[in-house]
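Me: I want the reasoning behind the labels, not just the labels. Walk me through it.

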Amino acid sequence: APQAMVEPVEQASSPCHQKVIFWTQVSFQIFFGAFQFGSICIFLDLHGKVVGLFILSEIAHFLAIASAVGFSTSQGKVITGLTVAGVVVLVAGFVLSSLESLVGTIVGLYSFWFAECVGFATILLITPAIMHLGDTPVEPLFQKMETLL
(Lines give C-alpha, C1' and ligand atoms only; values in the text may rest on other atoms or scores of the structure.)
Protein backbone atom coordinates (compact mmCIF):
# COMPACT_ATOMS: atom_id res chain seq x y z
CA ALA A 1 0.00 0.00 0.00
CA PRO A 2 2.74 2.58 0.73
CA GLN A 3 4.05 2.49 -2.86
CA ALA A 4 0.71 3.56 -4.27
CA MET A 5 0.59 6.62 -2.02
CA VAL A 6 4.20 7.67 -2.70
CA GLU A 7 3.99 7.47 -6.49
CA PRO A 8 2.45 10.93 -7.13
CA VAL A 9 5.18 12.54 -5.01
CA GLU A 10 7.88 10.63 -6.88
CA GLN A 11 6.47 11.81 -10.20
CA ALA A 12 6.27 15.44 -9.09
CA SER A 13 9.57 15.71 -7.28
CA SER A 14 13.30 15.66 -7.81
CA PRO A 15 15.67 13.02 -6.40
CA CYS A 16 16.59 15.57 -3.73
CA HIS A 17 12.95 15.89 -2.66
CA GLN A 18 12.65 12.11 -2.52
CA LYS A 19 15.71 11.81 -0.26
CA VAL A 20 14.50 14.56 2.08
CA ILE A 21 11.04 12.99 2.24
CA PHE A 22 12.55 9.57 2.97
CA TRP A 23 14.98 10.74 5.66
CA THR A 24 12.50 13.01 7.42
CA GLN A 25 10.11 10.05 7.62
CA VAL A 26 12.88 7.80 8.96
CA SER A 27 13.79 10.47 11.51
CA PHE A 28 10.15 10.78 12.57
CA GLN A 29 9.80 7.00 12.98
CA ILE A 30 12.95 6.78 15.12
CA PHE A 31 12.00 9.66 17.41
CA PHE A 32 8.34 8.64 17.59
CA GLY A 33 9.47 5.14 18.60
CA ALA A 34 11.73 6.66 21.26
CA PHE A 35 8.76 8.71 22.47
CA GLN A 36 6.63 5.56 22.75
CA PHE A 37 9.41 3.80 24.65
CA GLY A 38 10.45 6.76 26.79
CA SER A 39 7.51 7.32 29.09
CA ILE A 40 7.48 10.68 30.87
CA CYS A 41 7.11 8.82 34.18
CA ILE A 42 10.37 6.93 33.73
CA PHE A 43 12.48 8.98 31.30
CA LEU A 44 11.57 12.58 32.14
CA ASP A 45 14.54 14.20 30.36
CA LEU A 46 14.42 11.91 27.32
CA HIS A 47 10.68 12.26 26.81
CA GLY A 48 10.62 16.01 26.18
CA LYS A 49 13.60 15.88 23.82
CA VAL A 50 12.25 13.09 21.63
CA VAL A 51 8.81 14.69 21.51
CA GLY A 52 10.38 17.90 20.20
CA LEU A 53 12.46 15.95 17.69
CA PHE A 54 9.59 13.86 16.35
CA ILE A 55 7.43 16.97 15.97
CA LEU A 56 10.22 18.80 14.10
CA SER A 57 10.84 15.74 11.93
CA GLU A 58 7.18 15.48 10.98
CA ILE A 59 6.92 19.21 10.23
CA ALA A 60 9.99 18.92 7.99
CA HIS A 61 8.49 15.82 6.35
CA PHE A 62 5.16 17.48 5.55
CA LEU A 63 6.83 20.64 4.25
CA ALA A 64 9.14 18.52 2.06
CA ILE A 65 6.10 16.76 0.58
CA ALA A 66 4.33 20.10 0.06
CA SER A 67 7.43 21.42 -1.69
CA ALA A 68 7.68 18.29 -3.85
CA VAL A 69 4.10 18.50 -5.07
CA GLY A 70 4.27 22.29 -5.26
CA PHE A 71 3.13 24.74 -2.63
CA SER A 72 0.67 26.26 -5.12
CA THR A 73 -1.14 22.97 -5.85
CA SER A 74 -4.23 21.96 -3.89
CA GLN A 75 -2.23 19.20 -2.19
CA GLY A 76 0.58 21.59 -1.26
CA LYS A 77 -1.86 24.14 0.16
CA VAL A 78 -3.69 21.49 2.20
CA ILE A 79 -0.47 20.01 3.59
CA THR A 80 1.01 23.41 4.42
CA GLY A 81 -2.21 24.80 5.89
CA LEU A 82 -2.91 21.83 8.13
CA THR A 83 0.72 21.62 9.24
CA VAL A 84 0.76 25.31 10.17
CA ALA A 85 -2.61 24.99 11.92
CA GLY A 86 -1.35 22.03 13.96
CA VAL A 87 1.79 23.90 14.99
CA VAL A 88 -0.13 27.07 15.92
CA VAL A 89 -2.58 25.11 18.10
CA LEU A 90 0.27 23.18 19.76
CA VAL A 91 2.20 26.37 20.53
CA ALA A 92 -0.95 28.07 21.85
CA GLY A 93 -1.64 25.12 24.13
CA PHE A 94 1.93 25.13 25.39
CA VAL A 95 1.83 28.87 26.08
CA LEU A 96 -1.53 28.65 27.88
CA SER A 97 -0.37 25.75 30.03
CA SER A 98 2.78 27.69 30.96
CA LEU A 99 1.07 30.91 32.07
CA GLU A 100 1.48 31.36 35.80
CA SER A 101 -1.99 32.90 36.12
CA LEU A 102 -3.55 29.68 34.72
CA VAL A 103 -1.63 27.17 36.84
CA GLY A 104 -4.12 24.89 38.61
CA THR A 105 -7.10 26.07 36.53
CA ILE A 106 -9.00 23.91 34.07
CA VAL A 107 -7.47 25.88 31.17
CA GLY A 108 -3.96 25.58 32.58
CA LEU A 109 -4.32 21.88 33.30
CA TYR A 110 -5.90 20.82 30.01
CA SER A 111 -4.80 23.33 27.37
CA PHE A 112 -1.66 21.45 26.36
CA TRP A 113 -3.49 18.12 26.27
CA PHE A 114 -6.27 19.67 24.17
CA ALA A 115 -3.68 21.24 21.84
CA GLU A 116 -1.94 17.87 21.42
CA CYS A 117 -5.26 16.28 20.46
CA VAL A 118 -6.20 19.02 17.98
CA GLY A 119 -2.67 19.15 16.55
CA PHE A 120 -2.64 15.37 16.06
CA ALA A 121 -6.10 15.53 14.46
CA THR A 122 -4.89 18.11 11.91
CA ILE A 123 -2.02 15.80 10.97
CA LEU A 124 -4.42 12.85 10.60
CA LEU A 125 -6.65 15.02 8.42
CA ILE A 126 -3.92 15.63 5.82
CA THR A 127 -4.33 12.37 3.89
CA PRO A 128 -8.14 12.39 3.57
CA ALA A 129 -8.10 16.11 2.76
CA ILE A 130 -5.56 15.57 -0.03
CA MET A 131 -7.56 12.68 -1.42
CA HIS A 132 -10.78 14.69 -1.34
CA LEU A 133 -9.51 18.10 -2.43
CA GLY A 134 -6.35 17.28 -4.37
CA ASP A 135 -5.53 17.83 -8.03
CA THR A 136 -4.61 14.16 -8.55
CA PRO A 137 -7.54 11.80 -9.13
CA VAL A 138 -7.66 9.30 -6.29
CA GLU A 139 -9.41 6.42 -8.05
CA PRO A 140 -6.18 5.11 -9.66
CA LEU A 141 -4.53 5.21 -6.23
CA PHE A 142 -7.31 3.05 -4.76
CA GLN A 143 -6.98 0.58 -7.63
CA LYS A 144 -3.22 0.30 -7.10
CA MET A 145 -3.67 -0.16 -3.34
CA GLU A 146 -6.18 -2.96 -3.94
CA THR A 147 -3.72 -4.82 -6.18
CA LEU A 148 -1.04 -4.57 -3.49
CA LEU A 149 -3.34 -5.99 -0.80
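**Labels and cut-offs**

Reply: Of the 149 residues in the protein chain, 29% count as buried (under 20% relative accessible area, exposed over 50%, partly exposed in between; 1.4 Å probe, protein chains only). This is a predicted model, where local features need pLDDT of at least 70, side-chain atom pairs count only at pLDDT 80 or more, and totals for chains, interfaces and linings use all residues. Residues are numbered from 1 along each chain as its sequence is written, and side-chain values use heavy atoms, with hydrogens and water left out.

Me: Why is Cys16 called exposed?

Reply: Its relative accessible area is 53%. Exposed means over 50%, so Cys16 qualifies.

Me: What makes Cys117 count as partly exposed?

Reply: Cys117 has 36% relative accessibility. That value lies between the 20% and 50% limits, so the label is partly exposed.

Me: How many disulfides does the structure hold?

Reply: Zero, where a disulfide is a pair of cysteine sulfur atoms within 2.5 Å.

Me: How many helices and strands does the protein chain have?

Reply: Six helices and zero strands. Both are DSSP runs, numbered from the N terminus: helices are H or I with at least four residues, strands are E with at least two.

Me: What share of the contacts with a separation of 6 or more comes from residues 24 or more positions apart?

Reply: They account for 61% in the protein chain. Contact means heavy atoms within 4.5 Å.
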